[in-house]
Amino acid sequence: MPEGDALHRAAARLQPLVGERIEAESPHPRGAATGVARVVDGRVLERVEAVGKHLLLRFEGGVVLRSHLRMSGRWRVGPRGRAWHGRPWLVLRGGSWEATEWNGPVLALEERPVRALGPDLLAESTEVEDVVARLRTDPTRLVGEALLDQRLVAGIGNMWLAEALWHARVSPWRRVEEVPDELVAAVGWAREAMRASVRGVRPRRMAYRRPGRPCPRCGTPIESLGLGEANRRAYWCPRCQPGSRQGERSSGGGGI
Ligand SMILES: [Zn+2]
């Protein structure tokens with residue numbers, strides 16, 4: 001799943017099309033079935049922004065295209081008229097650039113901004129203290145679940161969760177109320193690392209997708225276990241980040 005920083009990079013790539021009157025088409029039949037190209041064709045693209053895990057393309061007339069890339073979706077931007085390999089779901093052509101959206105699966109038109117999302121961790125106006133205050137509104141929630149709840153803070157996915165908690169030495173299975181200082185450290189670390197990633201600087205991965213491999217700090221094998229909804233998995237060092245979930249067995253190896 002693309003994380004918030006990947007969406008910010010996509011938003012940055014799309015900027016050359018802002019201010020342009022867009023020609024739109026959907027070569028892929030499933031893209032055509034969304035009806036998006038028909039609605040945005042001929043409209044000026046006014047703004048592109050990443051809000052959490054959503055990419056919002058605002059067109060004149062209040063039309064907002066919302067793209068949540070999920071697992072496989074990709075935006076590419078290049079000179080107009082390039083040859084494609086395959087059929088994009090959506091093509092947006094400006095005067096000299098064109099953007100293509102591949103593999104869907106979600107292209108939805110919205111009339112309003114996404115209201116349910118919490119503050120975007122990458123936004124300049126978002127303060128770590130405010131994010132932590134929101135997380136504390138549900139003090140008995142598991143730290144790992146709270147940080148992934150996009151209604152509380154938008155932009156953190158599995159990878160940044162695992163890395164931030166490792167750096168802050170807090171287990172994803174602790175309750176929010178149990179680890180006040182560590183929570184501040186984790187949110188602060190995630191914000192800085194994600195900002196660096198927007199600039200192209202990627203930190204070395206310490207825990208994410210390293211089950212059974214030694215913790216870079218203490219050598220204990222990293223553990224992993226499903227967390228909350230499907231498609232989410234926690235990775236942590238049981239020694240540096242004490243506090244496993246009671247009543248459930250974790251897998252020290254295998255799996256992803
Ligand atoms: Zn460790």
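So, a disulfide here is a pair of cysteine sulfur atoms within 2.5 Å. By that rule, this structure has 0 disulfides. Keep in mind as we go that this is a predicted model.

Okay, the cysteines. What coordinates the zinc ion? Four sulfurs do: the SG atoms of C215, C218, C237 and C240, at 2.2 to 2.4 Å. The angles among the 4 donor atoms run from 98 to 114°, and the site is tetrahedral. For that label all angles have to lie between 85 and 135 degrees, so a range of 98 to 114° qualifies. Along the chain, the donors follow the spacing C-x2-C-x18-C-x2-C.

Are these cysteines buried or exposed? Let's take C215, C237 and C240. The cut-off for buried is under 20% relative accessible area. C237 is at 0%, so C237 counts as buried. C215 comes out at 3%, so that one is buried too. And C240 has 11%, which means C240 is also buried.

Now the overall picture. The protein chain has 7 helices and 10 strands. Buried residues make up 50% of its 256 residues. If you take the contacts with a separation of 6 or more, 61% of them are between residues 24 or more positions apart.

On to the packing. The largest nonpolar core has 44 residues. Which residues have the most contacts inside it? Those are L121, L135, L147, I156 and V187. Several elements feed this core: α4 (128–135), α5 (143–148), α6 (158–168), α7 (180–198) and β10 (233–236) each supply at least two residues. The largest share is from α6, with 8 residues. If you want one residue to click on, try L135. Leaving aside residues up to four places away in sequence, L135 touches A146, L147, L152, V153, V176, L183 and V187. There's also a second, separate core, this one of 25 residues, and it includes L7, L65, A99 and L107.

Let me stay with α6 for a minute. How many of its 11 residues are buried? The count is 10, so α6 is largely enclosed by the rest of the structure. The buried ones are N158, M159, W160, L161, A162, E163, A164, L165, W166 and A168. As a reminder, an α-helix has 3.6 residues a turn, so residues three or four places apart point the same way. And what do the buried residues of α6 pack against? They pack against α1 (4–13), α5, α7 and β10. Right after the helix comes R169, and its phi is positive, near 60°.

That β10 contact is worth a look. Y235 sits in strand β10. At 4% relative accessibility, under the 20% cut-off, Y235 is buried. Its C-alpha atom is separated from that of A162 by 5.5 Å, although Y235 and A162 are 73 residues apart along the chain.

Last part: the strands. I'll do two hairpins. The one between β2 (residues 45–51) and β3 (residues 54–59) is antiparallel, with 6 bridges. Within that pairing, V48 has L57 of β3 as its bridge partner. There are 2 residues between β2 and β3, and in the turn G52 has a positive phi of about 60°. As for cover, 5 of the 7 residues of β2 are buried, so you can call β2 mostly covered.

The other hairpin is β6 with β7, with 3 residues between them. That pairing is antiparallel too, over 4 bridges, and β7 covers residues 97–102. L92 stands opposite A99 in β7, and A99 is one of the residues of that second core I mentioned. β6 also pairs with β1 (residues 23–25), again in the antiparallel sense, over 3 bridges. There, E23 has R93 in β6 as its bridge partner.

So which way do the side chains of β6 (residues 90–93) go? L90 and L92 point one way, V91 and R93 the other way, and all are buried. Yes, that includes the arginine, R93.

If you open the model afterwards, I'd begin with the zinc ion and its donors C215, C218, C237 and C240. Then go to α6, which gives the largest core its largest share of residues. That's it from me.

How values were computed
Residues numbered from 1 in each chain as written. Predicted model: local features only at pLDDT ≥ 70, side-chain atom pairs only at ≥ 80, totals over all residues. Heavy atoms only, no water. Buried < 20%, exposed > 50% of the residue type's maximum accessible area, 1.4 Å probe, protein only. Pairing = 2+ DSSP bridges. Core = buried A, V, L, I, M, F, W, Y, C linked by side-chain atoms within 4.5 Å. Contact = heavy atoms within 4.5 Å. Donors = N, O, S within 2.8 Å, 3.2 Å for Na, K, Ca; no water. Tetrahedral: all angles 85-135°; square planar, octahedral: opposite > 155°, others 65-115°.
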